[in-house]
Structure formats: C-alpha cells, structure tokens
Amino acid sequence: GGFKYLRYFRITSHARSSLPAGKCRQSTLVSKGLATPSGLRLGLSQDELITLLGPPKQSLPSSLEFKFFVQIPEMIKGERSCRRLTVHIKADLDESMVRELLVNDYQESYGGECMKL
C-alpha cells in the first residue's frame, strides 16, 4: 500500500446541512465528540474558533473562512523534498456556533527543501 492523503472533508450537524437532501450519508465514524488534534470541531463558538485558528480571511454573518500555508517535509527515493499546500477551512455558523466545517487543500508546489517560516 501507498500513502493515502485526505484532501477534502465536510462535517455537518444533521439539522443544519447545506447539502441537498440525499447527498450526505451518516457515518458511524462521526460522533459529537469528533475533533482534530488541535480541537477543531462542530459546536465551537465563533470566538473559540477565532482563538483556535486566528483571524479569518473572510467574515460573513453566517460563515468564516480561513487559509493557511502548510509545508510537509518528505523523503522521496532517499532525497529530501517538500510538499507545499494551501489549506482552506470554511465554518458555517448558526447563532454564532460552528454547525458545518469544510476543509480542503490545494497543492501549490512540490520538491526542493522546505522553507523556514
């Protein structure tokens, strides 16, 4: 097997899904306690989300959007390389609480050494 990399996911509360009916399947892998290691999860307040992720790149009454530059050092065929990504997080809000999270990334470049940020 090779390395598998998740490029996109959406987590939504059942009551507030922005997806058309029938486009979203429930999963036993998703529960109210599901969170990233940093604490990103549904149910955060708008203030908690901003404390966790920093100032949003775009702020609307019903959503916040964040963008981050990420570098992932790798070894390919014995040589150091770097994968550079832009990560986009959109949080839909209901009464200032996170009700839906959309996380995806875009590969910007690949190769060379990772830069010090």
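Read along the sequence, this chain runs β-α-β-β-β-β. That is one helix and five strands. A caution before the details: this is a predicted model.

So, confidence. The mean pLDDT over the chain is 82. Of the residues, 84% score at least 70. Compare the elements. Helix α1 has the highest mean pLDDT, at 96. Strand β1, residues 8-12, has the lowest, at 78.

Now the overall numbers. The chain has 117 residues, and 29% of them count as buried. The exposed surface is about 8,500 Å². Carbon and sulfur atoms supply 54% of that surface. Next, contacts with a separation of 6 or more. Residues 24 or more positions apart account for 54% of those.

Let's go inside. In soluble globular proteins, nonpolar side chains tend to be buried together. Here, the largest nonpolar core has 13 residues. Which residues have the most contacts inside it? They are L40, L49, L53, F66, I89, V98 and L101. Four elements give two or more residues to this core: α1 (46-53), β3 (63-76), β4 (79-94) and β5 (97-110). Strand β4 gives the most, with four residues.

Take L101 from that list. Leave aside its neighbours within four places in sequence. What is L101 in contact with? One group is F9, R10 and I11. Another is L40, R41 and L42. The last is I89, K90 and A91. Two of these partners, L40 and I89, are also among the core residues with the most contacts.

Next, the covalent link. The structure holds one disulfide. C82 and C114 form it, with their sulfur atoms 2.1 Å apart. The angle about the S-S bond is 100°, and the link is right-handed. What does the pair tie together? C82 lies in strand β4 and C114 in the segment after β5, so the disulfide joins parts that are 32 residues apart in sequence. Are the two cysteines buried or exposed? C82 is buried, with a relative accessible area of 0%. C114 is partly exposed, at 28%.

Stay with the strands. E74 lies in β3. Is E74 buried or exposed? Its relative accessibility is 17%, and the cut-off for buried is under 20%, so E74 counts as buried. The E74 side chain makes a polar contact with the side chain of R83, at 2.9 Å. Not counting residues up to four places away in sequence, E74 touches E79, R80, S81, R83 and Y110. So R83 turns up twice for E74: as a polar partner, and in the list of residues that E74 touches.

Now T86. Its place is in strand β4. At 18% relative accessibility, T86 also counts as buried. What does T86 contact, beyond its neighbours within four places in sequence? The list is F68, N104, D105, Y106 and E108.

On to backbone geometry. Look at the loop between β4 and β5. E95 sits there, and so does S96. Neither is a glycine, yet E95 has a positive phi of about 55°, and S96 has a positive phi of about 65°. How accessible are they? E95 is exposed, with a relative accessible area of 74%. S96 is partly exposed, with 41%. If you are checking backbone torsions, those are the two I would point at on screen.

One more loop. S38 is found between β1 and α1. At 51% relative accessibility, S38 counts as exposed. That value sits just past the cut-off, since exposed means over 50%. The side chain of S38 makes a polar contact with the side chain of T36, at 3.0 Å. How far is S38 from L53? The two are 15 residues apart along the chain, and their C-alpha atoms are separated by 9.4 Å. L53, remember, is one of the core residues with the most contacts.

To recap. There is one helix, with five strands. The largest nonpolar core has 13 residues, and β4 gives the most to it. One disulfide, C82 to C114, links strand β4 to the segment after β5. Two residues in the loop between β4 and β5, E95 and S96, have positive phi. And the model is predicted, with a chain average pLDDT of 82.

Technical notes: Residues are numbered from 1 along each chain as its sequence is written. This is a predicted model: local features need pLDDT of at least 70, side-chain atom pairs count only at pLDDT 80 or more; totals for chains, interfaces and linings use all residues. Side-chain values use heavy atoms; hydrogens and water are left out. A nonpolar core is a set of buried Ala, Val, Leu, Ile, Met, Phe, Trp, Tyr and Cys residues joined through side-chain atoms within 4.5 Å. Buried means under 20% relative accessible area, exposed over 50%, partly exposed in between (1.4 Å probe, protein chains only). Contact means heavy atoms within 4.5 Å. A disulfide is a pair of cysteine sulfur atoms within 2.5 Å. pLDDT is the predictor's confidence in each residue, from 0 to 100. A polar contact is a pair of N or O atoms within 3.5 Å; within protein, one must be able to donate a hydrogen and the other to accept it, and residues adjacent in sequence count only if both atoms are side-chain atoms. Accessible areas come from the Shrake-Rupley method with a 1.4 Å probe; for residues, only the protein chains shown count as cover.
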